[in-house]
Amino acid sequence: MIRHMRLAAALALPAAAGAVAIDLRIAYRAAATAAPKLFALRCDPPRGTVARPASACRRLRAIGPDAFAPTPRDRVCTQIAGGPMTALVTGSYYGRAVWARLSQSDGCAIARWKLVSFLFPSAP
C-alpha cells in the first residue's frame, strides 16, 4: 500500500512541477536596427502573445529540458549566416532560469534558432 502511494506521489510530481515549468519572455528583432517585438508564453494553461500558445507549449515539452542549451564551446560550426534576426529569451523553463541569446550567425546558431523558431514571427 505504501509503495503504491509513493509511486502515485512520484507520478504526480512532474505534473505539479509542470504547472509553472514554462514561463518565457521573448524580445525578437528582425534586424539589428529594428525595434524589438515582445512576446510571452506561459503554459498550464497555455497563454501568451506568441502565435498559437498551446502548440508552442506542446512543442517545447517535446524538445525537453535542453531547448535553450548553449552550443558547446568545442563544437565546430559552419561559417554561414542565416539572417539578421535575433531573439533574447528569458524566464524559466523546467525549473531552470533561461537567458538565451539566439541568432543565425553560423551553422550552430542556426540549428539552435530552428529548434525554437516557432516562438518567433515568421520571416518576411
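In this predicted model, Asp23 has a relative accessible area of 23% and is therefore classed as partly exposed. The residue is found in strand β1, where, leaving aside residues up to four places away in sequence, Asp23 touches Leu41, Arg42, Thr90, Gly91 and Ser92. Although Asp23 and Gly95 are 72 residues apart along the chain, their C-alpha atoms are separated by 9.8 Å.

Among the contacts of Asp23, the one with Arg42 involves charged side chains: Arg42 and Asp23 meet in a salt bridge, with an N to O distance of 3.2 Å. Because Arg42 lies in strand β2 and Asp23 in strand β1, this pair ties together parts that are 19 residues apart in sequence. Arg42, with a relative accessibility of 29%, also counts as partly exposed. Asp23 and Arg42 are, in addition, linked with Arg25 in a network of salt bridges.

The structure holds four salt bridges, and side chains of opposite charge can pair in this way when their charged atoms come close. One of these bridges joins the side chains of Asp44 and Arg61, at 2.8 Å from N to O; since Asp44 lies in the loop between β2 and β3 and Arg61 in helix α2, the pair ties together parts that are 17 residues apart in sequence. Asp44 is partly exposed, with a relative accessible area of 37%, and Arg61 is likewise partly exposed, at 33%. A further bridge is formed by the side chains of Asp66 and Arg96, at 3.7 Å from N to O, and this pair links distant parts of the chain, given that Asp66 is in the loop between α2 and β4 while Arg96 is in strand β5, 30 residues apart. For Arg96, the relative accessible area is 45%, which again corresponds to partial exposure.

Attention then turns to the nonpolar interior. The largest nonpolar core contains 26 residues, of which Leu41, Leu60, Phe68, Leu119 and Phe120 touch the most other members. At least two residues of this core are supplied by each of β1, β2, α2, β4 and β5, and the greatest contribution comes from β1, which gives four residues. Leu41 touches, among others beyond four places away in sequence, Leu24, Val50, Ala56, Leu60 and Leu119, and Asp23 is also one of its contacts.

Considered as a whole, the chain has three helices and five strands, which follow one another along the sequence in the pattern α-β-β-β-α-β-β-α. Of its 124 residues, 31% count as buried. Residues 24 or more positions apart account for 55% of the contacts with a separation of 6 or more.

How values were computed
Residues numbered from 1 in each chain as written. Predicted model: local features only at pLDDT ≥ 70, side-chain atom pairs only at ≥ 80, totals over all residues. Heavy atoms only, no water. Core = buried A, V, L, I, M, F, W, Y, C linked by side-chain atoms within 4.5 Å. Buried < 20%, exposed > 50% of the residue type's maximum accessible area, 1.4 Å probe, protein only. Contact = heavy atoms within 4.5 Å.
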